[in-house]
Each structure stands twice: as C-alpha cells, then as structure tokens.
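Work through the exercises below with the sequence and the coordinates open. Each task is followed by a solution in steps.

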Amino acid sequence: MDERDIAKNDLVNKPDASRLIFGLRDTGYNVKTAAADIVDNSIAAKADRVNIEIVLHEDGRKFVYFGDNGTGMDAEGVHRAMRYGAPVRENLESLGKFGLGLKTASSSVCLKFTIVSRSSSTQPLAKLAWDLDHVKERDEWEMLQEPVSTDEQEMFDELCGETGTLVIWEKCDRILSKEYEAGGTKEQAAINRLADTLARHLSLVYHRFTDKTDTRERNVDIFVNSSPVVPWNPFYPKRSEQVLAEVKQTLVVELPDGSEEKATIRAWILPHRRDMTKDEEREYARISNRAQGFYVFREGRLIQDGGWMDVFGAPEPHTSLLRIEFDFGHKLDDAFRIDVKKSRILFHPDLEDGLTTLLQPIYREAGNRYRRQSRAQANATNKVDHGSANKNIASTTNAAKAQVTSVDPAGQSAEISNNMGPKIRIKSPIQNNVSPDHIHVEAVESINSGELWQPAFRSSGTDGHVPSVLLNKHHDFYQKIYLRAASNGFAVEGMDLLLWAFAAAEQNNTNDELEPIFEDLRTEISNNLRKLLRNLPDPEPGELAEEDED
C-alpha cells in the first residue's frame, strides 16, 4: 500500500491489549517495591494511617489489602486512577510520578486488582477492577465493574473508615517465590515471613513519615497485619557522626532549560561494630557491605538504598561505615532520570565527578576509621609471638652491632661506637625496664611516623642497653602479613630477624650526617610496602590465630 493511501484513522495504532497488559507485569517490581508504590498513593491522598493485610485462605487463595483513611475518590476519580497513564496529579510534590505505579505494581504480583473508594461518608463505595485474564479473553482494555461484596465492605470499614481507598490484590500468582501445599502450614509460614520482610522494607522507605520525632515529613502510621511499622533510620544519628560541612551540603543542579534547583547531601560515618553491642548493631546500625553508599530520597521517600552509583567503585569492607544521605524534590525528576518504580536514579557524569571530588576525603576517612578500629581489635585479640626471635638474637653474641657507651633517656639519644668510629651520638628511642622477653624485638602501637620499623636501644634495667627493633602494629605489613603469619612461627621469626638485622645495620653504620639518610630509606621502604599491599585486604577473623585464653 502506498503511504499516501493510508487513511488518517489508520495512523492510530493501538497496542494489543492482552500482550501489553501481561508484558507490563515484568517492569522490575518485586512484592516489596510494588507494595511501596501502593503506599505512595495513600500518602499522596493525605492519609495518616495505612493498613496492609496479607491473608491466606485454607484453599491457598492469597489476598493483599491496602486500606488508607485518605481523601478517597468518587466513581470518576476511581476510573481515572485505573487508567494506564493516569492524568498528572494536581499536587506535583506527591509521591506518584507516571500514573502507572498502581497498575504496573499490582499486576506484577497478581492477576486481578481492585479499587474500592469514596471521598465522603455519604457517597456509595465506587469500585473498579482490572482482571488480566478477562483482558486476555476479550482482548480489550476493559475493566470489571462488579458490586461491592460484603467482605469488601467489611474490609473497607475496618482498614479505611468513613473515607479512603481500599486496594485489593487477588489471584496472587507471584506473591511467593516458591510453591507450597495450598493453605498448608509451610505456606502460612512463608506468608508470615513475607509480612515481616515487607514491614522491614517499609520501615526504611518511609522512616521519615513514621518517625514521630522527624519533623521533615508529616506523620503517617503504617501497619502490616495489625503490627505497626517501626521506623528504621539507616544513618543512626544517635551514634553516628555527620562529617560533611554545612557549607557543602547544598548542591545546585542546572536543568536543561537553564534554570537551577537544589539538592542536599549529608555524609554519615557509623560507629564500628566493636563499639556497639550485638543487639545495637543488628537493630539500629545493620553494618554490611551492601548497606554502604547513597541513600536517595525523593520528596522524603527513600527510592534507593546503598551502592556507590559510579561515584566510587564496588562496595568493600573498609567503607562499610559510610552512608550518604541525598535529597531532591520532584522538580529534579528529569535531571536524575527517575524510573517508573521510583527505585533508582542516574547521576549525570558531571555530577558524578563533582560528588567524587566532594566525598573523596570523607570516603578515605571512613576507610581509615574502619581500619583503625578493626586493627585495634585484631591487635587486642590476636597474638603474634616474637619470643623466638628474641631468644635467637640474645643467643647470637657475634652479630655485628653498635656498642652503647651511654644513653640519655630524657633527650632520647645514645652515644655509641660503631663502624663509623667511637663516641657517635645519634637520636634514637631509649627504653628502660623492658621485659627481658621483649628486649630485642617488640610490636608497639606508639609509632606514628608511618614507618614499619624503628631502631631503638633497650634495657631490662637502666643500663646495659642493646640494639633493638620496634615494629609498627599500625602498618599494613604488620596487619596484613604478620597477623596472617601468626600461626607460622618460622615465618614470624624470619621477618623479625630480618627487620632486627636492618635496624642493627643502621645503628652500626650511621652518624649524625648519615642518620637522616637512613631515616629517609626507612620511610621510603615503608611507603612502598604500603603501596604494594594496598590491594591486599585485611585478614578476616577466620584467618587469624586468636590468642589462647588463660
């Protein structure tokens, strides 16, 4: 057919009803995100109470009821709400976005969903339903207009009240991930687990609404199977530290039309596990690799939890204490390319670069705090035995080493005779009254210079000082190599002897001119070792040899 012969009406190319309505089931929702989309509508309708009931019948039929006490709708409003691509809401700040959420969210879980609503106690209940099997049979975008049943009337009265909206999911073929004996105890247990999982999800997504002490959003009570949803604030502000300066917390985003809108950002470093009780960590902090990263809020509602969104690399243990609170309003929807499910945004590459620059010092500090805490715990609970090296060095009387003439503990210096001549005075740690078992080699936490080792002169009394080496417990080499080797006595002793030999050689071949050169060498070697070990993770608890209990 010639293009010129196509009638104007033929240019209206309606989609196949059956194929499209079933295709829209697979837009990426799961039960949790689908339920949250229904709650969004309730909050948009100014409800201050939302009730969710998940019901399993003895024959295996599953129903989910969402009831709210919001403004409700008349028959015309219900008809508009059930339209795929419903009209734009008058309040653009509402949590609804595309006019698809109610329909695509519901059909992702069930084959039939119904709205029952009224906006006045004097109105009759208005009801419409989409039944995907009916659409398939008729191959038409045709809803069902059925009378309100007694059960539906009772559920509306119980879950909504005088006004509001009741959404009903039935023929729920995707509500559980496994098949069970219909209506059996295992299926009921699975429904109970689903209710708990859903409550946990909603406690995060709407924590600003359900937390009575949070004044940023109006209060909304949410119940799942009659149990209140308890808010969970992922930033745990009671114990966490907000580390981004106030002057850096506002981001100006330029829109395609040249106008500007503002987003806000805050950065929280949570306490380390070792600084919390197990119950506190489990209930309030929930530290994990997955939980680090950006928590993105649109109009006060969480739409993304965790992940670094290409601003930084993949989540890793050292930054598990860092969570970023990112807020924006509806005017930035297009700029951030928010999706239908309101569960993901995308940052423009320029914004990614800006966020990387802004957050890099905080990202690094969070990693350093985690390492310091983890290493302090590892040092406290794991023993590296340097005794063999101390005994070996003590019994090796012919090793080349400097001879100590006198020491000045106050000035931390010593006069020695070495290969450079007699009466050479050098600066060095001078330590008295050291345990005889640790005279020659000891790992300490007092080295703050970043060096892996430092030469020292030590004595079990106040004289008779001998060349010794101090090992830096904070250095990556000690944390990543020594602690892993703790159960292998030969490996530990070998490293101890090597570093003692370096320290002794330095003491035996230095003077006031060469002293800074040896110090520079120590610093450079230590820095290179740190760089070489950067990609080697700290040992996990299972890799470490724990200290024997008395």
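The exercises concern a predicted model and go from the overall form to single residues.

**Exercise 1. Overall form**

Task: State how many helices and strands the protein has, and decide whether the protein is spread out or compact by the globule rule.

Solution.
- Step 1. The secondary structure consists of 15 helices and 20 strands.
- Step 2. For 550 residues the globule rule gives 24 Å, whereas the radius of gyration of the protein is 34 Å, well over that value. The protein is therefore more spread out than a compact globule.
- Step 3. Along the principal axes, the box filled by the C-alpha atoms is roughly 105 × 60 × 50 Å.

**Exercise 2. Burial, surface and charge**

Task: Give the share of buried residues, the exposed area and what carbon and sulfur supply of it, and the numbers of charged side chains.

Solution.
- Step 1. Of the 550 residues in the protein, 49% are buried.
- Step 2. The exposed area is about 28300 Å², and carbon and sulfur atoms supply 48% of that area.
- Step 3. There are 90 negative and 68 positive side chains. The centres of these two sets lie 0 Å apart.
- Step 4. Contacts can be sorted by their span in sequence. Taking those between residues at least 6 apart, 69% join residues at least 24 apart.

**Exercise 3. Two cysteines**

Task: Explain why Cys 110 and Cys 172 are not bonded to each other.

Solution.
- Step 1. A disulfide is a covalent bond between the sulfur atoms of two cysteines.
- Step 2. The cut-off for such a pair is a sulfur separation within 2.5 Å.
- Step 3. For Cys 110, the closest cysteine sulfur is that of Cys 172, and the distance is 5.0 Å, too far for a bond. Starting from Cys 172, the closest cysteine sulfur is in Cys 110, again at 5.0 Å.
- Step 4. Both side chains can be placed by accessibility. Cys 110 is buried, because its relative accessibility is 0%; Cys 172 also counts as buried, at 9%.
- Step 5. The count for the whole structure is zero disulfides.

**Exercise 4. Positive phi outside glycine**

Task: Locate Glu 299 and Gln 412, give the phi of Glu 299 and of Gln 412, and classify the exposure of Glu 299 and of Gln 412.

Solution.
- Step 1. Most residues other than glycine have a negative phi.
- Step 2. Glu 299 is not a glycine, yet its phi is positive, about 50°. The residue sits in the loop that joins β11 (293-298) to β12 (301-305). With a relative accessible area of 17%, Glu 299 is buried, since the cut-off for burial is under 20%.
- Step 3. Gln 412 likewise is not a glycine and has a positive phi of about 50°. Its loop runs between β14 (403-408) and β15 (413-418). A relative accessibility of 31% makes Gln 412 partly exposed.

**Exercise 5. Residues brought together from distant places in sequence**

Task: For Leu 302, Arg 174, Thr 33 and Arg 534, find the partner in sequence and space, and describe the setting.

Solution.
- Step 1. Leu 302 belongs to strand β12 and is buried, with 2% relative accessible area. Its C-alpha atom is 7.4 Å from that of Leu 204, 98 residues away along the chain. Beyond neighbours within four places in sequence, Leu 302 contacts Leu 204, Val 205, Tyr 295, Val 296 and Phe 297.
- Step 2. Arg 174 lies in the loop between β5 (164-170) and α7 (185-205) and is partly exposed, at 33%. Val 31 is 143 residues from Arg 174 in the chain, with 8.1 Å between the C-alpha atoms. Residues up to four places away aside, Arg 174 touches Val 31 and others, including Asp 26 and Ser 108.
- Step 3. Thr 33, in helix α2 (residues 31-44), is buried at 15% relative accessible area. Its C-alpha atom is separated by 9.0 Å from that of Leu 198, 165 residues apart along the chain.
- Step 4. Arg 534 is in the segment after α15 (515-532) and counts as exposed at 58% relative accessibility. Lys 480 is 54 residues from Arg 534 in sequence, and their C-alpha atoms are 9.8 Å apart.

How values were computed:
Residues numbered from 1 in each chain as written. Predicted model: local features only at pLDDT ≥ 70, side-chain atom pairs only at ≥ 80, totals over all residues. Heavy atoms only, no water. Helix = DSSP H or I, 4+ residues; strand = E, 2+ residues; numbered from the N terminus. Rg over C-alpha atoms; globule rule 2.2 N^0.38 Å. Buried < 20%, exposed > 50% of the residue type's maximum accessible area, 1.4 Å probe, protein only. Contact = heavy atoms within 4.5 Å. Areas by Shrake-Rupley, 256 points an atom, 1.4 Å probe, with all protein chains shown as cover. Lys, Arg positive; Asp, Glu negative; His and termini not counted. Charge placed at Lys NZ, Arg CZ, Asp CG, Glu CD.
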